Each structure stands twice: as C-alpha cells, then as structure tokens.
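These are my notebook entries on a structure that I had not examined before. I looked up the overall make-up, then the sheet, then single residues and one helix pair.

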Amino acid sequence: GGAHDNNISDNNENQQQQQYEKGECTIGTPLEFVENYNIRLTPNVDFGTAKTLTQVLRGRNIATKGMGVPGVEALTLPYIRHADHGGNVYEVACNLLEPKIGSVEMIEVELEKWIQQQKQQLSKDDGDDTNDQYDRDYFIEKAYRVGTTEEQCLSLLKNADDDEYWMRYDQQVFSTFNDFLGYK
C-alpha cells in the first residue's frame, strides 16, 4: 500500500494508475463509547499540583491508592500558549473509557473535593483559616467535554432515517467547518 502525492507530476500514466489503486483503510470502533473531558488549570497551579489532580481522577488508582473515577484514564499535559493569552498552563485530559460507570459528573465531584483540599492547603500555608480568596476560578480555567457523547450519537442515529437526512447533515457539518476555519 501507500499514498500518492498529487502534487508530483508522473509521466508514466500506468505507474500513476497503480499508485492510485494502492492503499489501505482501517475503520473500527472501540467496544465501548469513549468520551473525553479536559480540565484546564490556571497559572496558579504548578505541575506538581496538577499531577495531584490527575492522581485523584485516574481510575487505576482506586485499588492502589483508594482514589479515582472508575474507567477514567487521566494525563497531565502542558497547555502551551502565548503570554498575551495567559501563558503556559497545565491541563488534565481524561478519557472516560466507560462513561456509564465513570461519568463527567463523577469527575466533577472529585474535582470539587480536590479544590477543597487545595484551598485547605493554601490556607494552612498562609496561616489563615479563611480560604474565601481561593474559589474554583483560582484553580480551574475551564473544564469541558471534547467531542460528542454517546447520547448525542444515539440521538442522531435515531433521527436519521433516510439518505436525504444524511446529505443535509453532511452539508451542515461541512458548512460549520468552513465557518470555523474561515473559508468562504
């Protein structure tokens, strides 16, 4: 197999035809629907502290550390951006391998517990019992889903009963991408 670069001219028409005929394509789906949820932290959260959130959310830690959300893979990643946009921060990326068991709602519950722990630690470090200055926005810039949910996909499939529907849907997706990318 292989790919052909359409920008390269090839005088041998037969060889070009053979290259177009080659290729493989693999299409597959996981056994379970996977959802993604990211938690972008603020510049107030350093790498070590960001990793503690990852540990709190990571499902494989349930048996060994007594914490985690079932079926969640979590990873601490740098989120690189220009200083004019807030500078570099960290993001905890979560794959919900079994979203019916380990849900976004469960992640949010654990996230709130983590925030409370961070507030207590900062108040202790400050020697101040009041931690009103450390609200969710002090730690979390944005927590958001990436992609679609299983329910959204199932709803789409239930409502799609003919080819014309899919043609309209494809056109809508195409238009949205054009608008997003700024193409006319």
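The entries below follow the order in which I consulted the structure.

**Entry 1: the chain as a whole**

I note at the outset that the model is predicted. I counted the secondary structure and found seven helices and four strands in the protein chain. Read along the sequence, these elements give the pattern α-β-α-α-β-β-α-α-β-α-α.

I then looked up burial and surface. Of the 184 residues in the protein chain, 30% are buried. The exposed area comes to about 13,100 Å², and carbon and sulfur atoms supply 50% of it. I also checked how far apart in sequence the contacting residues lie. Among contacts with a separation of 6 or more, 58% are between residues 24 or more positions apart.

**Entry 2: the order of the sheet**

In what order do the strands of the sheet lie? I found an open sheet of four strands in the order 2-3-1-4, with antiparallel pairing. Its edges are strand 2 (72–79) and strand 4, each of which pairs on one side only. On average, neighbouring strands of this sheet are turned by 20 degrees against each other, direction ignored.

For background I recorded that strands of a sheet pair through backbone hydrogen bonds, either parallel or antiparallel.

**Entry 3: strand 1 and its partners**

I took strand 1 next, which covers residues 35–41. Strand 1 runs antiparallel to strand 3 (residues 89–96), and six bridges join the two. I looked up individual partners in strand 3: Asn36 is bridged to Asn95, and Tyr37 to Cys94.

Strand 1 also pairs with strand 4 (residues 140–146), again in the antiparallel sense and over six bridges. Here Arg40 has Lys142 of strand 4 as its bridge partner, while Ile39 stands opposite Ala143.

Is strand 1 largely enclosed or largely open? Six of its seven residues are buried, so strand 1 is largely enclosed by the rest of the structure.

**Entry 4: strand 3 and its other neighbour**

I turned to strand 3 and its pairing with strand 2. These two strands are antiparallel and share eight bridges. Within this pairing, Leu77 stands opposite Glu91 of strand 3. Six of the eight residues of strand 3 are buried, so this strand too is largely enclosed by the rest of the structure.

I then asked which helix lies across these strands. Helix 2 (residues 47–57) lies across strand 1, strand 2 and strand 3, and runs at about 165 degrees to strand 2.

**Entry 5: Tyr90**

I selected Tyr90, which is placed in strand 3. Its relative accessible area is 25%, and Tyr90 is therefore partly exposed, since buried would require a value under 20%.

With neighbours within four places in sequence left aside, I listed the contacts of Tyr90. They include Ile39, Arg40 and Leu41, as well as Thr76, Leu77, Pro78 and Tyr79. Val45, Asp46, Phe47 and Ala50 are also among them. I noted one separation as well: Tyr90 and Pro43 are 47 residues apart in sequence, and their C-alpha atoms are 8.0 Å apart in space.

**Entry 6: Ser103**

I looked up Ser103 and found it in the loop between strand 3 and helix 4 (104–126). Is Ser103 buried or exposed? Its relative accessibility is 14%, so Ser103 counts as buried. Apart from neighbours within four places in sequence, Ser103 is in contact with Val69 and Leu96.

**Entry 7: helix 6 against helix 7**

My last entry concerns a helix pair. The axes of helix 6 (residues 150–159) and helix 7 (residues 163–181) come within 10 Å and cross at roughly 135 degrees. Helix 6 is therefore oblique to helix 7. On the side of helix 6, the contact is made by Leu156, Leu157 and Asn159; helix 7 contributes Tyr165, Trp166 and Tyr169. I sorted the residues of this contact by type and obtained five nonpolar, one polar and no charged.

Methods:
Residues are numbered from 1 along each chain as its sequence is written. This is a predicted model: local features need pLDDT of at least 70, side-chain atom pairs count only at pLDDT 80 or more; totals for chains, interfaces and linings use all residues. Side-chain values use heavy atoms; hydrogens and water are left out. Buried means under 20% relative accessible area, exposed over 50%, partly exposed in between (1.4 Å probe, protein chains only). Two strands pair if DSSP finds at least two bridges between them. Axes are lines fitted to C-alpha atoms, for helices over the stretch in contact, and angles run from 0 to 180 degrees between N-to-C directions. Contact means heavy atoms within 4.5 Å. Angles under 35 degrees count as roughly parallel, over 145 as roughly antiparallel, 65 to 115 as roughly perpendicular and the rest as oblique. Ala, Val, Leu, Ile, Met, Phe, Trp, Tyr, Cys and Pro count as nonpolar, Asp, Glu, Lys and Arg as charged, and the others, Gly among them, as polar. Accessible areas come from the Shrake-Rupley method with a 1.4 Å probe; for residues, only the protein chains shown count as cover.
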